[in-house]
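Visitor: Could you take me on a close look at a single part of this model? I am in my first year, so please explain the terms as we go.

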Amino acid sequence: MDTITIENAKTKRSVLQEKQTFFCFLGSFETDELASFFSDETFNAIDQTFNEYLDKKNAERIFHLGTPFSRLCGLSWHSTTKIVETNGQKREKFFLHEKIRQIVTECTDVVEKSDEKITKLVIIFSNKFSTIFGENGRGIFLLSKIIASTCFLSSYQFTDFITDDARKKKSNYTVYIGSTAENCEQIIDCGIKNGNIVGNAVNQARRWGDMPPNLLNPSTYKSEITNFFSSLRASCDIRFIEKEELKKLSCGGIIAVCEGSKHDPFMGIVSYTPAKKSASTKRIVIVGKGVTFDTGGISIKPADNMEDMKDDMAGSAVALAIVWAAAKLEIPHEVIAVVPVVENMPGGNACRPGDIITFYNGKTAEIKNTDAEGRLILADALSYASDKLQPDILIDFATLTGACSVALGPFFAAIMGKNKDLMRQLQEVGDIIGERCWELPLDDLFFPGVESEIADLCNIGKKNYRAGTIIGGCFLKHFVKDITKWAHIDIANVSMHPVGRPYLKGCGATGFGVQLITSFVSQIC
Ligand SMILES: [Zn+2]
């Protein structure tokens with residue numbers, strides 16, 4: 001499959017020609033600030049075009065961006081010109097990042113749809129503009145990273161099963177990223193590398209989410225995982241706990257949910273260990289729900305949109321992609337994915353409403369609805385992870401409750417936990433990189449809602465407790481030790497069909513969580 005290439009504009013001066021190139025300029029530039037990038041001929045052409053469009057003040061092509069800087073411009077003399085003027089007011093960083101992502105996506109759209117054989121996209125930002133994102137090179141790094149990762153996100157397409165090449169987007173072009181700052185080549189290289197890794201990690205999570213459930217199931221997922229990590233054998237260890245061992249470990253949740261399927265369940269554990277450990281090395285464990293298809297089981301779901309249930313493994317895909325990115329980025333912390341993988345089908349052996357099962361930590365639960373299966377497999381995975389792996393930080397991602405959508409729409413994942421610091425940190429990172437989380441109260445008032453009269457717990461909440469998303473969190477809390485720093489992130493409403501995020505348009509799945517956690521673990525000291 002063709003993929004785009006990203007290069008440093010500063011070190012590729014000779015190829016940044018007028019021909020076959022779409023240019024985008026971010027920020028306001030002093031006279032001649034751009035001259036060092038281009039040949040005299042190309043620079044003069046840019047300068048002239050700039051001036052012509054500035055004189056016209058073409059209102060349709062003006063964006064408003066809330067920065068203190070005067071102008072944000074993208075232009076080309078092929079077909080499209082964009083001139084962006086600010087309204088002089090500073091807005092939240094989230095909107096600034098999203099605006100950059102939108103502009104980059106509009107540029108990649110032009111290149112991908114061009115009949116003019118545009119093969120190069122040049123994006124150059126002014127030094128002054130990058131300082132909005134941080135001082136002393138930090139802004140240059142972040143801006144190059146955002147631009148690079150967005151190029152990968154927006155060029156994603158799931159075309160494995162499309163046989164007509166005309167329906168596939170152009171992807172054999174090169175993006176050049178540059179800044180007018182002095183001596184910033186290495187920082188830009190670093191931003192591009194980081195954006196490349198994170199963008200491709202998100203795309204892998206999206207790809208698994210988009211794969212059809214006849215081809216991505218508990219039997220095939222194992223080889224997908226092994227292949228994905230094949231180049232990282234030196235730093236990543238892969239282990240699959242198979243059905244018989246899961247039985248011996250008393251992982252009754254994982255066993256029960258997969259009984260109706262012809263595929264055996266497994267629990268994958270993929271561990272990245274940094275080459276050098278130090279006293280400050282932390283162990284971060286990410287548990288991800290991996291239901292490769294959720295029919296609801298005996299409590300079968302309605303037919304409408306049931307095809308979307310192929311994405312009920314999004315949490316596991318995100319967890320695995322995070323470990324891959326951490327290894328590629330050589331993050332100085334241990335990062336471990338724990339993914340319980342099952343297929344929830346009705347059948348002669350399927351678990352029933354009324355069954356009582358025993359989990360890894362010895363607690364029992366009455367199953368009243370076989371469609372509340374995610375918490376059953378996570379119960380085993382979380383109690384295994386908090387017992388055997390002793391994480392410094394434990395985070396789980398799960399497409400857990402439809403109620404999440406009612407509470408938060410398509411924009412915020414729900415975050416719950418007892419550790420306020422951890423949740424605040426995750427929310428702050430998410431607010432900046434565009435994977436936002438909103439805290440719901442995991443308050444003691446809700447806990448009686450998951451009690452059963454004939455077992456320790458019940459897998460659905462008592463009717464008058466309503467709040468389905470919080471009830472899911474309360475159930476999981478029983479499987480995490482009190483001392484563990486833990487956050488539960490319900491992504492049921494954000495893992496598919498994004499709204500208002502044009503750079504995720506390639507197909508259905510979003511990979512929500514990969515950017516959040518890779519940014520988060522990069523910042524832990
Ligand atoms: Zn379900």
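Guide: Let's begin with a term: a salt bridge is a side-chain nitrogen of Lys or Arg within 4 Å of a carboxyl oxygen of Asp or Glu. This is a predicted model, in which local features need pLDDT of at least 70 and side-chain atom pairs 80 or more, while totals for chains, interfaces and linings use all residues. Residues count from 1 along each chain as its sequence is written, and side-chain values use heavy atoms, without hydrogens or water.

Now please find K289. The side chain of K289 forms a salt bridge with E373, and their closest N and O atoms are 3.3 Å apart. This contact links distant parts of the chain: K289 sits in the loop between β10 and β11, E373 in the loop between β14 and α10, and 84 residues separate them. (Strands such as β10 are DSSP runs of E, at least two residues long, and helices such as α10 are runs of H or I, at least four, numbered from the N terminus.)

K289 has another partner, D312, in a salt bridge of 3.0 Å from N to O. D312 belongs to the loop between β11 (290-294) and α9 (314-328), and the two residues are 23 apart along the chain.

Are these charged residues buried or exposed? K289 counts as buried because its relative accessibility is 2%; the cut-offs, with a 1.4 Å probe and protein chains only, are under 20% for buried, over 50% for exposed, and partly exposed in between. D312 is buried too, at 4%, and E373 is buried at 0%.

E373 has a second role in this model, so let's follow its side chain to the zinc ion. The protein donors there are D294 (OD), D371 (O), D371 (OD) and E373 (OE), at 2.0 to 2.2 Å from the ion. Donors are N, O and S atoms within 2.8 Å of the metal (3.2 Å for Na, K and Ca), and sites may look incomplete because water is not among the atoms. Notice that D371 appears twice in that list, through an O and an OD atom.

Along the chain, the donors follow the spacing D-x76-D-x1-E. D294 lies in strand β11 and D371 in the loop between β14 and α10, so this pair ties together parts that are 77 residues apart in sequence. D294 counts as buried because its relative accessibility is 2%, whereas D371, at 24%, counts as partly exposed.

β14, which comes before the loop of D371 and E373, is worth a look as well. β14 covers residues 364-366 and pairs with β18 in the parallel sense over two bridges; two bridges found by DSSP is the least needed to call strands paired. Within this pairing, A365 stands opposite L457 in β18. The open sheet here has three strands in the order β13-β14-β18, with mixed pairing. β13 (356-358) and β18 (457-458) are at the edges with a single partner strand each, so one side of each has no neighbour in the sheet.

To set this part beside the rest, the model holds 24 salt bridges in total. Among them is R239 with E245, at 3.3 Å between the closest N and O atoms. R239 is partly exposed at 36%, and E245 is partly exposed at 35%. Elsewhere, D109, K113 and K505 are joined in a network of salt bridges.
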